[in-house]
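Thanks for coming. I have a few local details to go through, and then we can get to the rest of the agenda.

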Amino acid sequence: MGIPESQLQTWSHQGSITQSSNTYNSIKNVLEASTTPYRDRNFECFLQGSYGNDTNIFAESDVDIVIKLDDCFHSDLESLNEDEKSNYKRMYSDATYCHSDFKRDVLKVLTAQYGADVKDGKKAISIAARGNRRKADVIVATAFRRYHSFKSSNLENHTDGICFFTSAGIRVDNYPIQHRENLTMKHQNANEWLKPMIRVLKNMRSHLVANGVLEAGGAPSYYIEGLLYNVPEDKFGSSYGDCFINAFNWIQTEADKTKFVCANELYYLLRDDSFTCWPEANGEAFINAVINLWNNW
């Protein structure tokens with residue numbers, strides 16, 4: 001019989017906005033204060049993740065914040081030929097203030113404000129929840145460019161993103177602005193069914209994790225957003241139940257999942273051994289688990 005429409009509708013609702021907004025603004029004010037060591041640098045703060053994409057559910061508490069340094073950038077030159085790489089290297093030199101300097105200073109600023117609530121993690125600086133403040137993760141990043149061609153400084157083509165380094169020194173490149181803009185455009189073209197359906201799937205994930213069917217952390221929100229982003233717009237509409245049936249029938253019987261892309265359209269969605277892709281086994285486990293949940297409700 002499937003999951004009742006009333007339950008799907010409940011799951012479609014957006015989580016708390018006011019408290020997360022207040023958390024973001026208070027931390028943003030600290031990061032942008034006129035007394036910081038990097039106050040004369042070019043940088044910007046913005047939201048990413050579920051709150052930034054309007055796909056947050058009530059079970060989620062983290063607020064994801066990016067602070068991006070624009071005074072330097074890292075690059076992906078893989079698409080350039082040898083002449084273009086030489087042109088690039090002649091044009092640019094190493095920055096004197098780079099990611100490690102910026103992260104050191106940001107960590108100092110946050111620790112001065114929030115004390116022992118601040119922890120430097122594998123990917124982000126976390127700030128523990130306290131009082132009305134939600135838990136927050138601050139990604140310290142620099143600008144990033146994926147180059148497609150480079151004839152000269154006035155004749156080049158690249159895609160802008162962000163990058164950061166893990167505690168193990170591994171660079172992670174991503175494109176949160178493209179992710180958010182593409183997701184919003186798809187949502188509008190799908191008659192505004194996409195984001196509520198993402199919240200439905202995220203609540204299904206929470207239910208499955210709570211009941212021991214899925215492992216926690218195996219289906220991050222970013223990848224759930226990417227999964228539904230690949231579903232054709234004409235599969236959305238009418239009701240939440242119809243959206244679910246149409247989407248997963250297409251995913252399982254018509255789609256070539258090896259060609260699925262992340263919502264930024266710059267990475268494949270399902271690939272192993274990548275910081276930016278969903279491990280294939282985890283993706284399949286999630287898809288099968290939500291279908292079984294639907295069939296056996």
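When I say polar contact, I mean a pair of N or O atoms within 3.5 Å, where, within protein, one must be able to donate a hydrogen and the other to accept it. Keep in mind throughout that this is a predicted model.

Let me begin with Tyr97. It sits in the loop between helix H4, residues 82-91, and helix H5, residues 99-114. Is Tyr97 buried or exposed? Its relative accessible area is 9%, and the cut-off for buried is under 20%, so Tyr97 counts as buried.

What does Tyr97 touch, if we leave out residues up to four places away in sequence? The list is Tyr38, Arg41, Leu69, Cys72, Phe102, Arg104 and Asp105. With one of these, Asp105, the side chain of Tyr97 makes a polar contact of 2.7 Å. There is also a backbone distance to note: the C-alpha atoms of Tyr97 and Asp71 are 8.0 Å apart, with the two positions 26 residues apart along the chain.

Next, backbone angles. Most residues other than glycine have a negative phi. Two residues here go the other way.

Asp54 has a positive phi, near 60°. You will find Asp54 in the loop between helix H3, 49-53, and strand S2, 63-76. Its relative accessible area is 36%, so Asp54 is partly exposed.

Asn191 also has a positive phi, near 55°. That residue is in the loop between helix H6, 176-189, and helix H7, 194-210. Asn191 counts as exposed because its relative accessibility is 60%, and the cut-off for exposed is over 50%.

Last item, the cysteines. How many disulfides does the structure hold? Zero. For a disulfide, the two sulfur atoms would have to be within 2.5 Å.

Take Cys163. The closest cysteine sulfur to its own is in Cys72, at 7.9 Å, so the pair is too far apart for a bond. Cys72, you may recall, is among the residues that Tyr97 touches. Cys163 itself is buried, at 0% relative accessibility.

Then Cys277. Here the closest cysteine sulfur belongs to Cys262, and the distance is 5.5 Å, which is again too far for a bond. Cys277 is buried as well, with a relative accessibility of 7%.

That is what I have. I'll leave the model on the screen for anyone who wants to look at Tyr97 and its polar contact with Asp105.

Notes
Residues are numbered from 1 along each chain as its sequence is written. This is a predicted model: local features need pLDDT of at least 70, side-chain atom pairs count only at pLDDT 80 or more; totals for chains, interfaces and linings use all residues. Side-chain values use heavy atoms; hydrogens and water are left out. Helices (H or I, at least four residues) and strands (E, at least two) are DSSP runs, numbered from the N terminus. Buried means under 20% relative accessible area, exposed over 50%, partly exposed in between (1.4 Å probe, protein chains only). Contact means heavy atoms within 4.5 Å.
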